[in-house]
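Trainee: I am new to this structure and would like a close look at a single part of it. Please start with one element, then go on to whatever helps me place it.

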Amino acid sequence: MKRLLFFIAICMASLGLYAQNLTISGVVAQAEDNTPLPGVSIVAVGTTIGAITDFEGSYSITVPESVTTLRFTFVGMQTEEITIGSQTTIDVAMVTGTEALDEVIVVGYGTTRRGAITGSIGTVNAEKIEQIPVGSFDAMLQGQVAGMQVITNSGAPGASSTVRIRGVSSLNAGTQPLYIMDGVQITSGDFSALNPNDIENISVLKDASATSIYGSKGANGVIIITTKRGRNNQATEIMFRTQFGQSVLSTDQFEMMNSNQKIDYEIDLGIRAADNPQNDALRQVNTNWRDELFHNAPMSSYELSARGGGEKTAFYISGSYFFQDGIQYRSDLRRYSARINIDHTASDKLKLGVHLTAGYEELQNPVLQSNNIYNLTFRAYLENPYVAPYNEDGSYTTPADGLKWANPIQQLDLNDELDGRLKAVGNVYAEYAILPFLKFRSTLGADFSDYVNYGYLHPESAWGSTNGGEVYRQFSRNFRLTNTNLLTFDKTFGSHSVDAYLGEESISFNNEFFETEGFSLPNNVIKVLNGTSQVGDSWGGNITEYSVLSFFGNASYNYDRKYFIDASYRMDGSSRFGPDQRWANFWSVGGQWDMKRENFLANVNVLSQMKIRGSIGTTGNYNIGNYNHLQLYSFSGAYYDLNASFPNEPGNTGLTWEKVRLSTVAIDFQLVNRLGLIVELYHKLTTDMLSNVPFSLTTGFNSGWDNIGKMLNKGIEVTANFDIIRKSDFILNLDANLAYNHNEIIELYDGKEEVPPSAGSDWIHAVGKPYGSWKMVEYVGVNAANGDRIYLDVNGDPTNQFLVSNTRFVNKSWVAPWQGGFTATASWKGLSASAFFTWVQGKYMVNNTRYFMESNGQFAAYGQSVKMLNAWRQPGDITDVPKEDFSNYFDTRLLEDASFMRLKNLTISYIIPQKWAEATRVFKSFRVYAQGQNLFTWTKYLGFDPEYDAAYELGQYPHVKTISFGIDAGF
């Protein structure tokens with residue numbers, strides 16, 4: 001009874017407090033044209049009570065009567081503080097401020113306003129990548145930033161992407177950009193273990209002024225990832241998100257023969273007897289192996305997050321689950337992730353914080369996914385249509401039933417392969433204000449991952465029977481520790497502003513690897529390594545380490561926010577080079593002129609912004625093995641059944657940094673606050689390229705590392721944003737970017753003009769040619785008189801002979817020089833639609849699958865393309881398919897235009913008006929949406945998919961088309 005009375009008393013007290021509250025509502029719009037502003041933050045000054053305007057610009061906030069002021073804030077607008085007085089309706093017209101195009105951007109080791117940037121930096125905000133149903137966030141960056149090429153190499157769940165910024169800069173050293181998350185360097189390729197919805201924004205640093213402060217790590221560009229933070233003095237926002245969808249095969253240009261066609265084809269070639277008694281029965285089977293090996297795949301995700309803060313502490317916490325089934329049989333991804341970000345103001349001088357995320361993923365893979373007969377994509381073409389995967393009794397068919405090899409579905413059911421990865425990234429920091437304009441900050445960050453690969457081959461499977469079954473394990477642990485100490489200065493003297501910092505940074509990295517195998521399993525129950533299995537000779541392991549020590553500084557000055565200059569310097573030392581070559585210096589200088597602030601343009605109203613900027617500087621590359629400069633021995637040899645050591649690395653004490661000098665000039669302007677355009681020209685020269693160079697066998701080695709040659713990248717980038725229509729209830733916007741990059745190898749080594757990247761390659765490193773240039777025998781058609789192939793010889797004259805000596809450069813490369821993307825967005829009240837397209841032009845790739853499927857009889861016993869039905873048969877036939885002479889060659893017939901344009905994402909969403917959501921007394925906001933991923937692809941490429949970053953495409957996991965539906969609910 002006492003508890004009941006106490007509860008009633010609390011309720012009455014609450015009602016009494018409620019009676020003293022005041023509810024204020026209104027509409028927030030742009031003063032310029034009265035367009036409603038969604039997403040404006042309203043805070044009751046002196047409290048943590050807050051609200052956000054809905055899509056119609058409406059808001060409602062309940063505050064204690066003691067509150068006297070409301071603060072309205074929105075990016076690009078002047079902050080407004082309104083005295084409440086006796087008002088219950090407050091409408092606000094927000095004015096575009098001088099900072100309208102001047103949002104805070106993360107750069108280097110700090111932040112600055114966009115208007116003060118002298119370098120080339122692209123940004124991607126959370127709204128562009130949230131809720132996209134892919135496992136790895138790097139795939140979401142495709143087409144978002146001019147000059148950044150992103151190619152997702154596979155449709156497999158969690159597949160990572162190849163990212164290049166302003167072209168290929170090296171022959172053999174790493175070309176991936178540097179990734180920084182919340183100030184911590186992270187390893188590329190591990191992104192599928194992290195939740196992309198935790199990301200607030202991404203800055204892409206492209207030129208020397210932006211990247212040189214990272215010195216030896218910035219040669220390939222820098223991608224800085226900032227995760228979501230809490231907000232001081234704001235009521236806690238709880239957000240629940242969920243999404244469900246299904247994926248299907250995105251595209252397939254191949255049309256394979258059906259059973260009737262294939263049997264007739266084999267009879268015509270003489271490899272099948274016309275009177276074979278099985279022919280009639282086989283014609284009735286007609287299996288589509290693609291449908292058997294690929295299926296519709298579901299996906300789902302759930303996420304719960306909380307965000308807010310008081311006067312001294314701000315926090316962001318999230319947890320999520322993501323599942324994506326693969327369209328290939330027995331492939332899927334499961335991810336569990338969590339994040340906590342806390343920032344605390346301990347005193348007027350001291351700030352402390354911790355930012356930590358952890359994720360665990362399990363990835364099931366189809367077994368043995370190399371380019372062989374067990375590759376499921378390849379197998380979908382190789383098998384004949386007149387053989388079924390199952391017998392009438394439901395059992396698996398076998399080679400005895402007509403299959404070319406063991407039944408792939410049966411093998412996947414018998415065998416297992418599973419990857420597990422635990423990933424954690426985090427930092428702790430302390431910042432102390434020595435003086436109001438002088439601060440010291442120390443950060444300790446870590447990037448940690450444990451990777452385990454488990455494999456099992458059943459003793460009765462075709463793949464495992466050779467060794468009586470097999471169990472294998474791989475374990476790898478990566479740990480990178482980064483300590484950064486920064487002294488910053490920020491002060492304004494009248495019209496003069498100076499920002500500067502000095503820093504020291506140390507990085508230590510450790511990798512531990514171990515693998516082992518067990519054979520001759522006693523039965524099909526034991527699937528672990530134990531004493532009943534025999535440990536094979538392939539066991540092994542290693543531990544590798546490297547470290548980097550750096551000292552750096554940066555200074556920025558501006559006068560009256562009209563003239564800007566920026567300079568940086570960095571000195572790096574790396575353990576990957578010998579003592580005499582360990583240290584290198586990197587620098588940059590950049591400047592900007594804000595012409596709009598000049599008197600002669602101040603009154604030109606049509607011009608909202610006009611800036612000219614430029615920069616020049618150097619960066620470096622050290623992305624090679626940890627010990628390539630040392631003479632190394634291996635102890636994996638054998639001599640008369642005894643362990644033996646032998647030299648396996650020649651070493652090079654003179655090996656040093658690869659260097660890049662990059663210069664950029666750009667113009668930024670905006671017309672009538674509607675059309676914005678950025679045009680950038682750049683010149684990027686790589687010297688002392690780190691490369692593996694062939695040695696004479698008399699040295700005892702095949703090759704060794706050295707600094708060689710030069711490579712040039714130069715190009716243009718254009719970014720545009722256009723508010724086509726901007727009215728109070730309707731907005732139509734177009735955002736686009738395009739880039740052209742000219743790549744050219746200037747110099748190789750030892751006076752050589754051409755060097756193949758590997759033996760037998762059809763693409764060549766050649767002076768005066770772009771990286772990835774094709775040198776092949778040129779195929780031009782079929783002789784109608786006799787069906788022979790027609791080639792061009794080295795002089796360009798026709799011939800019917802395929803000779804390697806007739807290879808010529810065909811002025812095509814597998815690295816595309818053109819790329820871009822564009823987004824069209826329309827919104828009307830709470831309804832919006834967005835279509836994002838990405839495209840690549842000028843990429844040529846060998847369709848290696850056609851070598852087998854259009855084999856001119858050489859592989860006629862396997863599945864064949866319907867194109868072979870058009871082969872030359874008699875004099876006078878006009879066709880592009882030569883006669884079947886049972887021979888086949890790698891010539892330009894297989895070299896295809898792999899350019900493409902893709903509707904990457906289409907989203908339709910509706911935001912329920914805030915007053916409707918709040919009327920439920922449960923929700924503060926509610927959004928529903930539907931989206932499609934990879935809906936349409938336009939390409940001339942004849943394989944599964946043109947999006948693949950390599951010279952030859954054979955058996956790659958196809959890209960997927962995904963339709964999904966989701967809900968975002970705020971509480």
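Mentor: A residue is called buried when its relative accessible area is under 20%, exposed when it is over 50%, and partly exposed in between (1.4 Å probe, protein chains only). Helices (H or I, at least four residues) and strands (E, at least two) are DSSP runs numbered from the N terminus. The model is predicted, so local features need pLDDT of at least 70 and side-chain atom pairs count only at pLDDT 80 or more, while totals for chains, interfaces and linings use all residues. Residues are numbered from 1 along each chain as its sequence is written, and side-chain values use heavy atoms, with hydrogens and water left out.

The part to look at is strand β12, made of residues 161–165. This strand is mostly covered, with five of its five residues buried. From β12, Ser 161, Val 163 and Ile 165 point one way. Thr 162 and Arg 164 point the other way from β12. Both groups are buried, so Arg 164 is covered, and so is Ile 165.

The partner of β12 is strand β11, residues 148–152. Two strands are said to pair when DSSP finds at least two bridges between them. β11 and β12 have five bridges, and the sense of the pairing is antiparallel. To find the place on screen, start from Met 148, which stands opposite Ile 165 in β12. Ile 165 thus has a bridge partner in Met 148, and Ile 165 also belongs to the group with Ser 161 and Val 163 that points one way from β12.

Next comes an open sheet of five strands, ordered β10-β15-β16-β13-β14, with mixed pairing. Its edge strands are β10 (121–125) and β14 (184–186), each of which pairs on one side only. β10 meets strand β15 (residues 199–205) in the antiparallel sense over five bridges. In that pair, Thr 123 stands opposite Ser 203 of β15.

Glu 200 is a residue to pick out in β15. Because its relative accessible area is 24%, Glu 200 counts as partly exposed. Along the sequence, Glu 200 and Asn 125 are 75 residues apart, yet their C-alpha atoms are 6.4 Å apart in space. Contact here means heavy atoms within 4.5 Å. Not counting residues up to four places away in sequence, Glu 200 touches Asn 125, Ala 126, Thr 226, Thr 227, Lys 228, Arg 229 and Arg 307. Asn 125 therefore appears in both descriptions of Glu 200: as the residue 6.4 Å away, C-alpha to C-alpha, and as one of those it touches.

Another open sheet has three strands, in the order β4-β1-β7, and its pairing is mixed. The edge strands here are β4 (58–64) and β7 (92–94), and each pairs on one side only. Strand β1 (residues 21–30) is joined to β4 by seven bridges, and the two run antiparallel. Ile 24 has Ile 61 in β4 as its bridge partner.

Further along the chain, consider Glu 747, which lies in strand β36. With a relative accessible area of 39%, Glu 747 is partly exposed. Glu 747 and Ala 766 lie 19 residues apart along the chain, and their C-alpha atoms are separated by 8.3 Å. Leaving aside neighbours within four places in sequence, the contacts of Glu 747 are Met 689, Gly 709, Lys 710 and Val 767.

The loop between β36 (730–747) and β37 (754–755) holds Asp 750. Asp 750 is not a glycine, although its phi is positive, at about 55°. Its relative accessible area is 70%, which means that Asp 750 is exposed.

Asp 688 also has a positive phi, near 50°, in a residue other than glycine. Asp 688 is placed in strand β34, residues 675–694. Because the relative accessible area of Asp 688 is 30%, this residue is partly exposed.

To return to the starting point, β12 has five of its five residues buried and pairs with β11 in the antiparallel sense. The sheet with β10 and β14 at its edges, the pair of Ile 24 and Ile 61, and the two aspartates, Asp 688 with phi near 50° and Asp 750 with phi about 55°, are further places to visit.
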